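Here is a brief report on charged side-chain pairs. The sequence and the model come first.

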Amino acid sequence: MSKFIDDCAEFIAAQSLDITRVSVYKDGMIETAECVPANPCQNCYSVAKAFTMTAIGLLYDKGMIRLDEKICDIFSEELPENGMDLRWYDCTVEMALKHRLGLPGGFLDIDCNPSAMFGEDYLNYMFTYPLEYTPNTDKKYSDGAYYLLSRIVEKKTGMDTDNFLWKEMLYKLGFQEMAWSHCPMGHVMGATGLYIHSADMVKLGAVYLNGGTYNGERLISEEWVKLATENEYSLNWDKDRKVYSKGGMRGQKLFVIPSKKLAGAIQSFEGNSDAVAKWIKNYE
């Protein structure tokens, strides 16, 4: 173990931050500090959105999707016969990436509500739910937008989002076991419920840090990395634009510090992952 990762573990222990583990990618190597004994494969909650966004990026690179593509065109066969807000016809893929569909904040949150609360058919539930505002006029963070994106990946590829990612990226990254929660009809949730190792989570950060490559192999285009980071598709910059990250419930975090050529992943239970990311950013 390096002095850096030992110092990180010492800082966490001294601060009582309730962090389970931290994995850091730097100079092509991954190190993990085990802070609290726990099962290695943990729910990363909303960090899952960064993986779903990346699946959309893979489709973009293949020319299988456009960011201005209309959602109702993609799901023309699944649209309800009645009860649908006509403003859905204006919604695009990019609006979903930016949480600008018109859905209310917190929509389709299975982490806080029973899955059966939304019925069996989540897509129909979504299309018939009254939109809260005109699409693209405001931003309301919700799991619904990224469930929809996961369904788009499935619609475009004929594969579940997790299987598509395994084929195109995760196998090449050397992932260990991974599992993803599904809706009652068996579709990957996309927005949450992704169970992975921190040492695997950080590999996605490494891909973005390295402009779309990992260990010298290109996995996604530099164009997509630029689009995702500049437009904050589930990777949001801090106020100083020094760090971009995706957080998850109960203190999960994936972050990238370009100036240090470093990516990190944090698993916790109600832990202060922001404090750890800040410590790493300032570490000399």
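## Salt bridges in the predicted model

In this predicted model, K49 and D143 pair through their side chains in a salt bridge, with N to O at 2.7 Å. The pair ties together distant parts of the chain. K49 sits in helix α2 (residues 48-61), and D143 sits in helix α6 (residues 143-157). The two residues are 94 apart along the chain. Both K49 and D143 are buried.

That pair belongs to a wider set. The structure contains 14 salt bridges. Side chains of opposite charge can pair when their charged atoms come close.

Three of the pairs are listed here with their N and O distances.

| Pair | Closest N and O atoms |
|---|---|
| K49 and D143 | 2.7 Å |
| D85 and R87 | 2.9 Å |
| D274 and K253 | 2.9 Å |

Take D274 and K253, whose closest N and O atoms lie 2.9 Å apart. This salt bridge also links distant parts of the chain. D274 is in helix α10 (residues 273-282), whereas K253 is in strand β10 (residues 252-257). The separation is 21 residues.

Is K253 buried or exposed? K253 has a relative accessible area of 9%, so K253 is buried; the cut-off for buried is under 20%.

R87 is the partner of D85. R87 has 26% relative accessibility, so R87 counts as partly exposed. That class lies between the 20% and 50% cut-offs.

Salt bridges also join up beyond single pairs. K62, K167 and E168 are connected in a network of them.

Technical notes
Residues numbered from 1 in each chain as written. Predicted model: local features only at pLDDT ≥ 70, side-chain atom pairs only at ≥ 80, totals over all residues. Heavy atoms only, no water. Salt bridge = Lys/Arg side-chain N within 4 Å of Asp/Glu carboxyl O. Helix = DSSP H or I, 4+ residues; strand = E, 2+ residues; numbered from the N terminus. Buried < 20%, exposed > 50% of the residue type's maximum accessible area, 1.4 Å probe, protein only.
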